[in-house]
Amino acid sequence: MGSRRWSGLKLIGFSVWERRGGPGRNVTFPARSYSVNGERRSFALLRPIVDVTAQNTIRDRILEAYAEYEAQVTVVDA
């Protein structure tokens, strides 16, 4: 996927996952893991500049687009 800009964010990639504990999907964004005193931590590469809720907006739009794509594939396969 190419990069796009929303609210000061540059999207460089994402993954769509089926939720483990129930119905629905989740979207994750790239992160880098590192260790501090033996404890693993994660640094998100998609970080807000101004609007801290922008990541949720992007996540919602990705899930909407995925649902639309899935519906189109279902119609074509039928």
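This tour proceeds through the structure one selection at a time.

The model is predicted: local features require pLDDT of at least 70 and side-chain atom pairs count only at pLDDT 80 or more, while totals for chains, interfaces and linings use all residues. Residues are numbered from 1 along each chain as its sequence is written, and side-chain values use heavy atoms, with hydrogens and water left out.

**The whole chain**

Begin by displaying the protein chain as a cartoon. It contains 1 helix and 6 strands; helices (H or I, at least four residues) and strands (E, at least two) are DSSP runs, numbered from the N terminus. Following the chain from the N terminus, one meets the order β-β-β-β-β-β-α.

Next, show the surface of the protein chain. Its accessible area is about 6,300 Å², and 50% of this belongs to carbon and sulfur atoms; such areas come from the Shrake-Rupley method with a 1.4 Å probe, and for residues only the protein chains shown count as cover. Of the 78 residues, 13% count as buried. Buried means under 20% relative accessible area, exposed means over 50%, and partly exposed lies in between (1.4 Å probe, protein chains only).

**The hairpin of β3 and β4**

Select residues 15–18, which are strand β3, and residues 25–28, which are strand β4. These strands pair in the antiparallel sense over 4 bridges; two strands pair if DSSP finds at least two bridges between them. Within this pairing, V16 has V27 in β4 as its bridge partner. The two strands form a hairpin with 6 residues between them. Now select G24 in the turn, where phi is positive, at about 110°.

**The salt bridges around R25**

Show the side chains of E18, R25 and E70, which are linked in a network of salt bridges. A salt bridge is a side-chain nitrogen of Lys or Arg within 4 Å of a carboxyl oxygen of Asp or Glu. Between E18 and R25, the closest N and O atoms are 3.2 Å apart. Between E70 and R25, the corresponding separation is 2.6 Å. E70 lies in helix α1 (residues 54–77) and R25 in strand β4, so this pair ties together parts that are 45 residues apart in sequence.

Is E18 buried or exposed? E18 is exposed, because its relative accessible area is 54%. R25 counts as partly exposed at 22%, and E70 counts as partly exposed at 32%.

**The hairpin of β5 and β6**

Move to strand β5 (residues 31–36), which is joined to β6 by 6 bridges in an antiparallel arrangement. Strand β6 covers residues 39–44. Select Y34 and then R41 in β6, which stands opposite Y34. The hairpin of β5 and β6 has 2 residues between the strands, and N37 in the turn has a positive phi of about 50°.

R41 also forms a salt bridge with E39, with the closest N and O atoms 3.8 Å apart. Both residues may be coloured by accessibility: E39 is partly exposed at 44%, and R41 is partly exposed at 36%. A search of the whole structure finds 3 salt bridges.

**A nonpolar patch on the surface**

Which residues make the nonpolar surface patch of about 370 Å²? Select I12, Y34, F43 and L45 to see it. Patches are made of residues with over 30% relative accessible area and no salt bridge; like charges are joined within 9 Å, and nonpolar side chains (Val, Leu, Ile, Met, Phe, Trp, Tyr) within 5 Å. Among the patch residues, F43 is located in strand β6 and counts as partly exposed, with 39% relative accessibility.

**The nonpolar core and I62**

Finally, select L11, V27, F29, L46, I58 and I62, the 6 residues of the largest nonpolar core. Such a core is a set of buried Ala, Val, Leu, Ile, Met, Phe, Trp, Tyr and Cys residues joined through side-chain atoms within 4.5 Å. In soluble globular proteins, nonpolar side chains tend to be buried together.

Centre the view on I62, which belongs to helix α1 and counts as buried at 9% relative accessibility. Leaving aside neighbours within four places in sequence, I62 is in contact with L11, F14, V16, V27 and F29; contact means heavy atoms within 4.5 Å. As a last step, mark the C-alpha atoms of I62 and N26: they are separated by 9.7 Å, and these residues are 36 apart along the chain.
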